[in-house]
Amino acid sequence: MRLPILTLTAIAALFVAADARAQTYDPRYPVCMHVFAPGGFGGGGDYFDCSFTSLPQCQATASGRAASCDVNPYYAFNEPPPPARRRHKKVQ
């Protein structure tokens, strides 16, 4: 009788476990706020809020909270493209 109960308990625990979600950065905004939230059933509750157009705007929102502001690693800054590499044929 113990084995079926333990098996059902193990299966139920697998279904109750929280899903791991991939963190997404919004590439339209250059600054993200990393909010450190207490964890729930699935672990840490940290998340990123990428909806800021400047670092001071993010810092004003993060003031007084457990949060920090970071540059969005996926933001497409207006940088010129790297120069094209030219391939020269060797003449023998």
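**Notes on a three-strand sheet and two disulfides**

1. Let's start with the sheet: β1 and β3 run antiparallel and are joined by five bridges. Strands here are DSSP runs of E with at least two residues, helices are runs of H or I with at least four, and both are numbered from the N terminus. Two strands count as paired if DSSP finds at least two bridges between them. β1 also pairs with β2, again in the antiparallel sense, over four bridges.

2. A word on the source: this is a predicted model, in which local features need pLDDT of at least 70 and side-chain atom pairs count only at pLDDT 80 or more, while totals for chains, interfaces and linings use all residues. Residues are numbered from 1 along each chain as its sequence is written, and side-chain values use heavy atoms, with hydrogens and water left out.

3. Have a look at H34 in the sheet. Its bridge partner in β3 is S68, and in β2 H34 stands opposite F48.

4. How many of the residues of β1 are buried? Five of its five are (buried means under 20% relative accessible area, exposed over 50%, partly exposed in between, with a 1.4 Å probe and protein chains only). V31, M33 and V35 point one way from the strand, and C32 and H34 point the other way. In general, side chains in a regular strand alternate between the two faces of the sheet.

5. Now the disulfides, meaning pairs of cysteine sulfur atoms within 2.5 Å. There are two by that rule. C32 and C50 form one, with their sulfur atoms 2.0 Å apart. C32 lies in strand β1 (residues 31-35) and C50 in strand β2 (residues 47-52), so this pair ties together parts that are 18 residues apart in sequence. The link is right-handed, with 105° about the S-S bond.

6. C58 and C69 are joined too, S to S 2.1 Å. C58 sits in helix α2 (residues 55-62) and C69 in strand β3 (residues 67-71), eleven residues apart. Why is this disulfide called left-handed? Because the torsion about its S-S bond is about -95°. Both C58 and C69 are buried.

7. Last, the largest nonpolar core (buried Ala, Val, Leu, Ile, Met, Phe, Trp, Tyr and Cys residues joined through side-chain atoms within 4.5 Å). This core has eight residues: V31, M33, V35, F52, C58, A62, A67 and C69. β1 gives the largest share, three residues. Leaving aside residues up to four places away in sequence, C58 touches V31, C32, M33, F52 and C69, where contact means heavy atoms within 4.5 Å.
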